[in-house]
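Q: Here is a protein model that I would like to read closely at one place. Please start from that place and work outward, in connected prose.
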Amino acid sequence: MFATGMMDPNWWKYDLLNHKWYRDDDAYADYSEGVLMLGQFQAKYIGVHYDGAEGYSVINISTTSGKVSFKPLDDPFEVQISGKMELKCPDGMIKYRVNKIVCENKTLTFTMLKLSSNEETIVTMGIAPEGFTTDFLKDFLTQQVSVLPSFWSPKVATAQSASEWICPCGAKNSGNFCSQCGHPRE
């Protein structure tokens, strides 16, 4: 027996995302959950490597109202990116900006803007084959201070932490990030 009152109705979407994703050796992605800023909050991340550039973003999936579903739906859903997700080359130059991520039928589709030519690029990945490994997202998460998302501001963190606020997912919070989905405080 289990309680359903606190379960996120979109649990199955996060479960579906919880894979390594792969198209070829120069197009792959990874999902991870981790702690940012030395224990400040637990967040969900998607990192992507494409065309020699890499980037990551804190993500969430908006909560829908209604009953919790214990059967995953086959409908496509959009993964919401917190802030901007930019893919940078090793020299630090931004090569792509991710505009949209859609998960459908065990595929993950990234719609990106190639900044040098202002062209839309669409990259679809499937679940990575057994044996495919990558640690690039782990590397981002271990370099916590140097890769903070653009929405993070230490001054805002100390000034706003006293009052409570309601996240778009419905959770009541007192810190700068939602304790349920990781969404930054507005």
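What follows is a request about the salt bridge of Asp30 with Lys20, and then a single answer. What parts of the chain does the pair of Asp30 and Lys20 link?

A: The model is predicted, not determined by experiment, and every value below is computed from it. The protein chain has 3 helices and 11 strands. Read from the N terminus, the order of elements is α-β-β-β-β-β-β-β-β-β-α-α-β-β. The site you ask about involves β1 and β2.

Asp30 belongs to strand β2, residues 27–36, and Lys20 to strand β1, residues 20–24. The two residues are 10 apart in sequence, and the pair links distant parts of the chain. In their salt bridge, the closest N and O atoms are 2.9 Å apart. The partners differ in exposure class: Asp30 has a relative accessible area of 8%, which is under the 20% cut-off, so it is buried. Lys20 reaches 26% and therefore counts as partly exposed, that class lying between 20% and 50%.

A third residue joins this site from much further along the chain. Thr134 sits in the loop between β9 (119–127) and α2 (136–142). With residues up to four places away in sequence set aside, Thr134 touches Lys20, Tyr28 and Asp30. Both partners of the salt bridge are thus among the contacts of Thr134. Thr134 and Asp30 are separated by 104 residues in sequence, while their C-alpha atoms are 8.1 Å apart in space. The relative accessible area of Thr134 is 12%, so this loop residue is buried as well.

Tyr28, the remaining residue in that list of contacts, is also part of an aromatic cluster, together with Tyr22 and Phe132.

Asp30 can also be followed in another direction. Ile46 is in contact with Asp30 and Tyr31, once neighbours within four places in sequence are left aside. The list for Ile46 also includes Leu17, Tyr56, Val79, Met85, Ile101, Leu108 and Phe110. Leu17, Ile46 and Phe110 are the residues that touch the most other members of the largest nonpolar core, which has 28 residues. The buried acid of the salt bridge is therefore in contact with one of the three best-connected members of that core. A second core, separate from this one, has 6 residues, among them Trp165, Cys169, Cys178 and Cys181.

Next to Ile46 in sequence is Tyr45, which takes part in one of the 4 aromatic pairs found in the whole structure. The ring centres of Tyr45 and Tyr56 are 5.6 Å apart and the planes stand at 45 degrees, so the pair is tilted. Tyr45 is in strand β3 (residues 41–50) and Tyr56 in strand β4 (residues 53–60), so the pair ties together parts that are 11 residues apart in sequence. Tyr45 is buried at a relative accessible area of 0%, and Tyr56 counts as buried at 11%.

Phe110, the other contact to follow from Ile46, also touches Thr121. Thr121 is found in strand β9 and is buried, with a relative accessible area of 14%. Its contacts beyond four places in sequence include Tyr50, Tyr96, Thr111 and Met112 as well. Strands β8 and β9 run antiparallel and are joined by 8 bridges, with Thr111 standing opposite Ile122 of β9. They form a hairpin with 4 residues between them, and Asn118 in the turn has a positive phi of about 60 degrees.

The salt bridge of Asp30 and Lys20 can be set against others in the model. The search of the whole structure finds 5 salt bridges. Asp24 and Arg23 form one of them, with the closest N and O atoms 3.0 Å apart. In that pair, Asp24 is partly exposed at 27% and Arg23 is partly exposed at 38%. Another joins Asp51 and Lys95, at 3.1 Å from N to O. That pair links the loop between β3 and β4, where Asp51 lies, with strand β7, where Lys95 lies, 44 residues away. Asp51 is partly exposed at 26%, as is Lys95 at 23%.

Conventions
Residues are numbered from 1 along each chain as its sequence is written. This is a predicted model: local features need pLDDT of at least 70, side-chain atom pairs count only at pLDDT 80 or more; totals for chains, interfaces and linings use all residues. Side-chain values use heavy atoms; hydrogens and water are left out. Rings of Phe, Tyr and Trp (its six-membered ring) pair if their centres lie within 6.5 Å; planes under 30 degrees apart count as stacked, over 60 as edge-to-face and the rest as tilted. Buried means under 20% relative accessible area, exposed over 50%, partly exposed in between (1.4 Å probe, protein chains only). A nonpolar core is a set of buried Ala, Val, Leu, Ile, Met, Phe, Trp, Tyr and Cys residues joined through side-chain atoms within 4.5 Å. Contact means heavy atoms within 4.5 Å. Two strands pair if DSSP finds at least two bridges between them. A salt bridge is a side-chain nitrogen of Lys or Arg within 4 Å of a carboxyl oxygen of Asp or Glu.
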